[in-house]
Amino acid sequence: MNIRGGLLLRNPWLPGQEIPLGGPLPMVQLTATPASALSDEPVHIRATGLPPLQLVTLTASLEDEKGNLHWSKAFYRANEAGELDLKQAPSCGGDYTGVHPMGLFWSLKPERPFGRLLKRDVMNSPFLVTLDLYDLVYFDGVPTVPPRASQVVQRWFRRPGTQRVQIREGRVRGALFLPPGEGPFPGVMDLFGGVGGLVEFRASLLSAHGFAVLALAYFAYEDLPHPLQEVDLEYFEEAANLLLAHPKIQGPGIGVLSVSKGAEIGLAMACFLKQVTAIVCINGTNAVFDFPIKYRDLVMSPIQSFLEHTQIHVSGAICLFHCRGDPREKRNQQSVFPVEKAQGQILFIIGENDQVFNGMEYAKQALERLKSHGRSNGRMLVYPGAGHLLEPPYAPLCYASQGQPTSRNRSRSVKYPVSRPLLWGGDPVAHAAAQEHAWGEIQKFFRQHLTQTRSHL
């Protein structure tokens, strides 16, 4: 294949080697605007100075805080003016095809199989994404020639002036993120699922949009239980009261942003805790699974799971989708959440390709129960093709990753097979579109139901 214009000639006899052609190389420029921004903000990528209709490879690479590499690539063709604008130009191939201005970001894949990209230090450093442009099509490995142009993009998870307050009060463990300004701000509690520990990136990013957000740990962190054996809602009530007592938090209630096992807990909070005004449940359940939930004198036992229904994906990851017992069965009714008791608003966000929970069915059952009691304080957003781990915009799809030993299935006295990776599901393009839309809907939902009076949003 000849690549003219003073570039490279591919040697047909020695694959992978290129021969420089004579003549000066044209000045190629690669720009990414803004070069430093929040990780949920889009970047405009352009290239100029290319030969007309030149085929190029664009790559993105990122090294996380543990030294793990994440890569993506796409093949593009410049226009007749020798320019390339990712807002307009379709990718011909690579990790995605079609017009996707942020495709290089959301298609990043771990070099180590079954890795998951998580930002840990959200205050002191951004993720650095290196964009490289090569004037030929590369398929395998790291290119053997230097790029014609490069650009480094900073992706931050907090806005300048954000305060992070470590929380160690009573039993509560977490981190509170306060936006710059006097406030008061709507307060939100952020709950993750089986990853455990203290996960802060979503809380810090949401605080950049005018919310005071408490990233709450509830197991596998400091002196909290590990593994998790039961959920005590009084712990979460203590955290809610702590949040409302803060002088920069606007009452009278708080919001809860929750995903996976965290969404199960979040829905329980909505049912039993008067402090919860608005709850977002991302790919959760409508009943208790895996281990009991208790609140004062009430104990809700988990629905039985059937690990013999575990399926093994072609990738080697395990699929738990078919393992759950049915909340509609008569014997399981005492484990179903009494959503009719919820005084706040409930937003169910569902990825239709979730391979962990049948979230759409669970949400439908919860909404039907609300309706049967004359309640209309719930609604559902369904995203076809989206998987389980819906995160803020432009985060890469995690299709499968190593699981965490969060619990013991008491009803069967067997552990979940966490030695294998867990299958989360999702189509990359559909998942990316869902993340971008859902993030905006989450913010609108909280503003609508938490902002009773004027605040500095």
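## Exercises on backbone and burial

F114 is partly exposed, with a relative accessible area of 26%. Keep in mind that this is a predicted model.

**Exercise 1.** Find where F114 lies and what is notable about its phi.

*Solution.* Start with the place: F114 belongs to the loop between strand 10 (109–110) and strand 11 (127–134). Next, look at the backbone: its phi is near 65°, a positive value in a residue other than glycine.

**Exercise 2.** Take R296 and decide: is this residue buried or exposed?

*Solution.* First locate R296, in the loop between strand 20 (293–295) and strand 21 (298–300). Its phi is near 55°, a positive value for a residue other than glycine. Now apply the cut-off: exposed means over 50% relative accessible area. R296 has 55%, so it is exposed.

**Exercise 3.** Work out which residues are joined by a cis peptide bond to P184 and to P227.

*Solution.* For P184, the partner is G183, and omega is about 0°. This proline sits in the loop between strand 14 (172–178) and strand 15 (185–191). For P227, the partner is H226, again with omega of about 0°. P227 lies in the loop between strand 16 (212–217) and strand 17 (231–232).

**Exercise 4.** Check the span of helix 4 (residues 261–272), then its burial.

*Solution.* At 1.5 Å a residue, the 12 residues should span 16 Å. The end C-alpha atoms of helix 4 are 17 Å apart, which agrees. For burial, 12 of the 12 residues are buried, so helix 4 is largely enclosed by the rest of the structure. Among them are K261, E264 and F272.

Methods:
Residues are numbered from 1 along each chain as its sequence is written. This is a predicted model: local features need pLDDT of at least 70, side-chain atom pairs count only at pLDDT 80 or more; totals for chains, interfaces and linings use all residues. Side-chain values use heavy atoms; hydrogens and water are left out. Helices (H or I, at least four residues) and strands (E, at least two) are DSSP runs, numbered from the N terminus. The expected span of a helix is 1.5 Å times one less than its number of residues. Buried means under 20% relative accessible area, exposed over 50%, partly exposed in between (1.4 Å probe, protein chains only).
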